[in-house]
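Student: Please pick one part of this protein and take me through it closely, as you would at the bench with the model on the screen. I would like to know what it packs against, and how far the prediction can be trusted there and elsewhere.

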Amino acid sequence: RFKHRSFELLCSARRGMPAFMLQAILLGVAFRWAASSKVSDGQNCDQFPCPPGFALRSNASGIPCETDNCEDDDYSTCCASAGTCATLQCPSGGILRESADQIHCASWQCEDADIPTCCAPGGPTIQVGHLIRHGHPRHSDTGEPMCNVEGQEAAVRCCGLDGQKVRMTYGCNTSKTFSEATSICESSGYRLCTNEEILRCKTCGTGCGFD
């Protein structure tokens, strides 16, 4: 670009432009070229310190600053509004802090690293367990199925690997935990029945009086 522009100016000089004017214009072209090259060689936004309430854009490493050293004027180019805690889901046992919609996360999208900032103790504790119900779905005291929290005990009923009904040749096992029941069924080539299989009576009348 610089050489091309110089050639045009030289052609103009041959048409009568004074030499001192040509030199001045050439110096101006060279200065503009050097200034434009600094923009492309400057820092990217990933080095920019965003002001409070703002966070670097997700593609900040690929956004060049408009100034040489990523100065304050670049914040609108490099930064976006940070996410607020109201968008974060606290884990079990935690609850969002008051005014969560006014507390900013460290990035434009709240992540797990923001949990200590956004969440406080005191939320509901969620226990994960396994479904248990009576062996015969039409039994008079069947009632609603229950969630068996890990460590609680129940009787064991197994189904075939393809969901077929099987007799209780694996023994009458009562008061077993989920992991113990799983081992009993698998050691005999079976598996625990699903809720749908129990509802289809795959465990009905298979022995041990466990209906």
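Tutor: Let me begin with a term: a salt bridge is a side-chain nitrogen of Lys or Arg within 4 Å of a carboxyl oxygen of Asp or Glu. Please keep in mind that this is a predicted model. The structure holds one salt bridge, and its partners are Arg 191 and Glu 197. Their closest N and O atoms are 2.7 Å apart. Side chains of opposite charge can pair when their charged atoms come close. The surroundings of the two partners are worth checking. Arg 191 counts as partly exposed, because its relative accessibility is 23% and the buried class ends at 20%. Glu 197, with a relative accessible area of 6%, is buried.

Arg 191 also leads us to the part I would pick, helix H5. Strand S8 (191-192) is among the elements that cover the buried residues of H5, and so is strand S7 (158-159). Which residues of H5 are buried? They are Ala 181, Thr 182, Ile 184 and Cys 185. These four lie on the same side of H5, because they cover an arc of only 160° around its axis. Turn the helix over and you find Glu 186 and Ser 187 exposed on the other side. After H5 comes Gly 189, which has a positive phi, near 85°.

Now look at what the buried side belongs to. The largest nonpolar core of the model has nine residues. Ala 181, Ile 184 and Cys 185 are members, together with Val 156, Cys 158, Val 166, Met 168, Tyr 170 and Phe 210. H5, which spans residues 178-187, gives the largest share of this core, three residues.

Tyr 170 is a good residue to click on next. Setting aside neighbours within four places in sequence, its contacts include the core members Val 156, Cys 158 and Ile 184. The other contacts of Tyr 170 are Arg 157, Ser 188 and Tyr 190. Tyr 170 therefore touches H5 through Ile 184, one of the residues that share a side of that helix.

How far can you trust the picture? S8, the strand that helps to cover H5, has the highest mean pLDDT among the elements of the protein, 93. At the other end of the scale is helix H1 (residues 2-14), whose mean is the lowest, 40. Over residues 1-15 the pLDDT is below 50, and beyond near neighbours in sequence this stretch has twelve contacts in the model. A second stretch below 50 covers residues 24-41, with ten such contacts. For the protein as a whole, the mean pLDDT is 76, and 73% of the residues reach 70 or more.

For contrast, here is a loop residue elsewhere. Ser 107 sits in the loop between strand S3 and helix H4 (115-118). Ser 107 counts as buried, because its relative accessible area is 18% and the cut-off is 20%. Its side chain reaches the backbone oxygen of Gln 109 at 2.6 Å. Beyond four places in sequence, Ser 107 is in contact with Ala 55, Ala 82, Gly 83 and Asp 114.

Key: Residues are numbered from 1 along each chain as its sequence is written. This is a predicted model: local features need pLDDT of at least 70, side-chain atom pairs count only at pLDDT 80 or more; totals for chains, interfaces and linings use all residues. Side-chain values use heavy atoms; hydrogens and water are left out. A nonpolar core is a set of buried Ala, Val, Leu, Ile, Met, Phe, Trp, Tyr and Cys residues joined through side-chain atoms within 4.5 Å. Buried means under 20% relative accessible area, exposed over 50%, partly exposed in between (1.4 Å probe, protein chains only). Helices (H or I, at least four residues) and strands (E, at least two) are DSSP runs, numbered from the N terminus. Contact means heavy atoms within 4.5 Å. The arc is that of the directions from the helix axis to the C-beta atoms. pLDDT is the predictor's confidence in each residue, from 0 to 100. A polar contact is a pair of N or O atoms within 3.5 Å; within protein, one must be able to donate a hydrogen and the other to accept it, and residues adjacent in sequence count only if both atoms are side-chain atoms.
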